[in-house]
Amino acid sequence: MPDNQPPSQPVDTGVWNIRLEFVCLARIGTYWNNRQLSGNYWRLYRNFSGGAGVFVDRRKVTIAPDNFYLLPPNCNLKTFCCDTGLQQLYLHFELPWCNCSRPICAVPAAPYLENLQQSLLNALEKNPSRIPIFAFALIGGALAGVPPGLLTERRYDYPIARVCEYLRSNLQDPLGVSDIIRVSQLPAGEFLRRFRDATGTTPYHYLTDLRYRRAEQLLAASELSIDEICEAVGVIDRFHFSRNFKQRYGQSPAAYRRRGAAAARFNH
């Protein structure tokens with residue numbers, strides 16, 4: 001190594017880790033109207049025709065087929081769709097170290113991204129074990145295509161990260177905010193402030209989001225009954241679960257499972 005070259009720095013994989021949550025190739029329709037895109041995770045969209053998008057400051061922004069689109073956590077955008085047969089590839093993932101200054105970023109569909117997308121679609125159809133490889137590559141490529149200055153580093157709070165992992169591993173338990181504070185071993189006021197700084201939301205909403213994301217995955221990729229899914233995600237009241245699920249996803253749990261829109265799915 002030349003004398004004037006600084007030594008390489010160790011990489012903290014906890015800070016830089018991308019957690020892949022969901023990959024889906026689906027046909028979307030009217031159920032995608034007026035959905036609120038909330039939740040503490042990133043979205044990557046590629047629509048294969050026009051006719052759907054989101055409202056940004058009451059202005060329609062079409063998710064056009066010549067771009068990939070990145071939406072950061074808690075973007076809280078409402079959707080629209082006027083094409084009942086639109087095919088959409090979407091990926092959900094967590095990126096704990098990164099913020100974005102825009103609620104939606106368009107990344108041109110450069111040839112290298114098109115190639116990664118095609119490899120991912122081939123894996124969805126023929127080789128599920130390779131889905132994570134191409135999904136991570138596509139996410140990284142899309143993030144690399146975001147214009148400079150829009151992505152900023154977010155401070156990584158290790159105690160809060162441990163709490164989030166605890167919640168993820170104990171969704172079936174009847175956890176209240178006081179229980180979560182005890183797990184953190186922090187004073188209540190300090191914990192609530194640091195949790196919101198790290199996640200952009202409250203512990204209750206974060207846990208609720210985790211539960212319904214897991215329910216979505218189980219509906220898509222398992223044969224568990226709806227009652228069994230409610231038990232697995234810690235929601236006791238099936239009526240309450242079905243009502244909240246429909247508010248989030250535009251369909252009842254049973255309709256979501258029946259629609260048969262996805263060519264394939266991956267959940268992690």
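A disulfide is a pair of cysteine sulfur atoms within 2.5 Å. Keep that cut-off in mind as we walk through this structure, which is a predicted model.

Let's start with the cysteines. The sulfur of cysteine 164 lies 17 Å from the closest cysteine sulfur, the one in cysteine 98, so the two are too far apart for a bond. As for its surroundings, cysteine 164 counts as buried, with 10% relative accessibility. By the 2.5 Å rule, the count for the model comes to zero disulfides. Cysteine 81 fits this picture: the nearest cysteine sulfur belongs to cysteine 82 and is 6.4 Å away, and cysteine 81 is in no disulfide. Cysteine 81 is buried too, at a relative accessible area of 6%.

Now step back and look at the whole chain. You can find ten helices and twelve strands in the protein. Its C-alpha trace spans about 60 × 50 × 40 Å along the principal axes. Is that what a compact globule would give? For 268 residues, such a globule would have a radius of gyration near 18 Å, and the protein has 19 Å, which agrees.

What does the inside look like? Buried residues account for 49% of the 268 residues. If you take the contacts between residues at least 6 apart in sequence, 78% of them join residues at least 24 apart.

Finally, turn to the surface and the charges. The protein exposes about 13500 Å², and carbon and sulfur atoms supply 52% of that area. Its side chains include 31 positive and 23 negative ones, and the centres of these two sets lie 6 Å apart.

Technical notes. Residues numbered from 1 in each chain as written. Predicted model: local features only at pLDDT ≥ 70, side-chain atom pairs only at ≥ 80, totals over all residues. Heavy atoms only, no water. Helix = DSSP H or I, 4+ residues; strand = E, 2+ residues; numbered from the N terminus. Rg over C-alpha atoms; globule rule 2.2 N^0.38 Å. Buried < 20%, exposed > 50% of the residue type's maximum accessible area, 1.4 Å probe, protein only. Contact = heavy atoms within 4.5 Å. Areas by Shrake-Rupley, 256 points an atom, 1.4 Å probe, with all protein chains shown as cover. Lys, Arg positive; Asp, Glu negative; His and termini not counted. Charge placed at Lys NZ, Arg CZ, Asp CG, Glu CD.
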